[in-house]
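Me: Please pick one part of this structure and give me a close look at it. I am new to it, so explain the terms as you go.

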Amino acid sequence: MGFHGKDLRNGRHSIPGQIYLVTTVANQREQIFNEWSSAQAVAREIHSFPQHAPAEIHAWVLMPDHLHCLIVLDEMNLDSCMQQLKSRTAIALNRSTGRSGKVWQSGYHDHALRRDEDLKAAARYLVANPIRAGLVRSVREYPFWNAIWL
């Protein structure tokens with residue numbers, strides 16, 4: 001029995017100040033972010049997102065078909081934050097590339113980090129995804145990631 005977006009939200013609640021490791025996937029796992037212009041449009045929107053939403057993105061990496069990020073909620077709940085992030089990035093991508101249609105799958109996966117988890121270690125693990133995926137040998141070779149500690 002498969003899970004649907006609604007099932008992923010059952011039992012989910014957001015806590016202001018909580019840090020979440022979130023993963024969201026491109027529609028039909030399309031490798032849309034392999035295209036430089038698509039990835040660049042999404043990266044620009046991720047960088048500007050904290051100016052538009054009461055949430056901070058401490059680290060993120062955009063993979064060919066998904067996005068991982070560490071998000072700290074302020075006043076916004078996680079569902080609203082992700083809805084806004086996915087909407088803003090989809091609009092920016094479609095506008096800049098001339099595409100139309102759905103960019104992201106509905107739903108997302110989240111993990112609330114415990115207070116005793118090392119935030120910088122979680123960020124290092126997150127931005128090392130391109131290495132583990134065999135896309136690059138060093139994060140320096142991969143352009144679509146960032147972390148506040150740099």
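Reply: **A close look at helix H3**

Just after H3, Gly98 takes a positive phi of about 80°. Helices (H or I, at least four residues) and strands (E, at least two) are DSSP runs, numbered from the N terminus.

The model is predicted: local features need pLDDT of at least 70, side-chain atom pairs count only at pLDDT 80 or more, and totals for chains, interfaces and linings use all residues. Residues are numbered from 1 along each chain as its sequence is written, and side-chain values use heavy atoms, leaving out hydrogens and water.

H3 covers residues 78-97, which is 20 residues. From first C-alpha to last, H3 reaches 28 Å, close to the 28 Å expected at 1.5 Å a residue. That expected span is 1.5 Å times one less than the number of residues. At the N-terminal end, Asn77 caps the helix. A side-chain oxygen of Asn77 lies 3.1 Å from the backbone nitrogen of Asp79.

Now the buried residues (buried means under 20% relative accessible area, with a 1.4 Å probe and protein chains only). In H3 they include Leu78, Cys81, Met82 and Leu85. Lys86 and Asn94 are also among them. The buried residues of H3 pack against strands E1 (19-25), E2 (55-62), E3 (66-73) and E4, and against helix H2 (36-48). Contact here means heavy atoms within 4.5 Å.

Those strands belong to an open sheet of 5 strands, in the order E4-E1-E3-E2-E5, with antiparallel pairing. Two strands pair if DSSP finds at least two bridges between them. The edge strands are E4 and E5 (145-147), each pairing on one side only. E2 and E3 pair in the antiparallel sense over 7 bridges. One example joins Glu56 to its bridge partner Val72 in E3.

H3 lies across E1, E2, E3 and E4, at about 135° to E3. H2 also packs on the sheet, touching E2, E3 and E5, and its direction makes about 160° with that of E2. For such angles, axes are lines fitted to C-alpha atoms (for helices, over the stretch in contact), and values run from 0 to 180 degrees between N-to-C directions.

Back to Cys81. Its relative accessible area is 0%. Is it in a disulfide, or in none? A disulfide is a pair of cysteine sulfur atoms within 2.5 Å. Cys81 is in none; the nearest cysteine sulfur, that of Cys69, is 7.6 Å away. Cys69 is buried too, at 2% relative accessibility. A search of the whole structure finds 0 disulfides.

Key: Buried < 20%, exposed > 50% of the residue type's maximum accessible area, 1.4 Å probe, protein only. Polar contact = N/O pair within 3.5 Å; in protein donor to acceptor, adjacent residues only side chain to side chain.
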